[in-house]
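Subject: Structure handover

Hello,

Here is the structure I said I would pass on. My notes on it follow below.

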Amino acid sequence: MKIMNRFKNFSFALFVLFIASCGPKKTENAETIVIRGSNTIGEELAPRLIAEFKKDHPNVKFDTEFKGTSYGLGALMVGQCDIAAASRNLTANEMQLAKDRDIAFNDYVIGSYSVDVIVNAKNPVANLSSDQARDIFTGAIKNWSEVGGPDAPIHLYIRDPISGTYLGFQELAMEKKPYAGGLKTFTNYTGIVQGVAKDANGIGYSSIAIPKGSGVKPVSVNGVAPTVDSVNKMQYPYARVLRLHTNKAKESDAARQFAEFVQSKRGQEVVAEMGFAPRP
């Protein structure tokens, strides 16, 4: 077991050294903020937060690249970025590597990310177990009658494969198993909501901000409804806390100002507007 743990630590260390050698180099300009990390944060939320921040800080530039939380944390630990955007907690290997490199992180909570399962508003199904949700999206369950609904085929509506949500839901809800075949993909949540609203047998997923009168309804999972409170408390199963990490010893003024803006009243309004749960 000790040998295996050493191997894992060594493998992660090699990964960090790899991104240090091939990744973009940190700029010397203190007014440029280099951000690396989570696709979930980088896909839509980070661009919106950056645009809002720049209204009062027009001279600050941003250099961003979002290839996953591991990429961001690794880049931060080797000085290749100012901020690591993370959509999960640090792993034991990452914490050990930071300790070995004598690195302490500042931890700025953005809010929480959730993927809410939705069905047509007229569908009688109001709750699914996590196993049922997994089996529906992987295709093991194909008919609504198997989960207490009508005798009708289940139609799946999901995000396109290049989106962070496609992979995020696969990890959170599907045990990383492949999606079922014959599904319909969309480039945004709006398309999914509109598709399910028009299909009595449709099921998909969306952000926590589902407009009233949209023709869809959220489904509880394991008896827990997706609400801001249940998401922030990590009671709803398809939720994760989002964070910005900086290196305490090397945190730039610009990076700190941006992180503090994200936690400010206006920053949290943007978080909510983008369909995420603001921090409690």
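Two strands count as paired if DSSP finds at least two bridges between them. This is a predicted model, and in it strand S3 (residues 83–86) pairs with strand S12 (residues 239–247) in the antiparallel sense, over three bridges. Alanine 86 of S3 is opposite arginine 243 in S12. S3 also runs parallel to strand S1 (residues 32–37), and three bridges join them. There, glycine 37 is opposite alanine 85. S3 is covered on both faces: Ile83 and Ala85 are buried on one side, Ala84 and Ala86 on the other.

Pockets next. The largest pocket holds about 390 Å³ of space. It is lined by 17 residues, and Asn39, Ser87, Leu167, Glu171 and Arg240 are the closest to its centre. Helices H2 (39–54), H3 (69–77) and H6 (164–173) each supply at least two lining residues, with the largest share, six residues, coming from H6. By class, the lining has three nonpolar, ten polar and four charged residues.

The second largest pocket has about 260 Å³ of space. Of its 16 lining residues, Tyr189, Thr190, Ser207, Ala209 and Pro211 are the closest to the centre. Six of the lining residues are nonpolar, seven polar and three charged.

Helix H7 (residues 189–197) gives the most to that second lining, with four residues. Asparagine 188 caps the N-terminal end of H7, with a side-chain oxygen 3.3 Å from the backbone nitrogen of threonine 190. The buried residues of H7 are Tyr189, Gly191, Ile192, Val193, Gly195 and Val196.

Regards

Terms used: Residues numbered from 1 in each chain as written. Predicted model: local features only at pLDDT ≥ 70, side-chain atom pairs only at ≥ 80, totals over all residues. Heavy atoms only, no water. Buried < 20%, exposed > 50% of the residue type's maximum accessible area, 1.4 Å probe, protein only. Polar contact = N/O pair within 3.5 Å; in protein donor to acceptor, adjacent residues only side chain to side chain. 1 Å grid on protein atoms, 1.4 Å probe; cavity = no way out; pocket = protein on both sides within 12 Å on 5 of 7 lines; lining within 4 Å. Points joined across faces, edges and corners; volume = space filled by probe spheres on them. Nonpolar A, V, L, I, M, F, W, Y, C, P; charged D, E, K, R; others polar.
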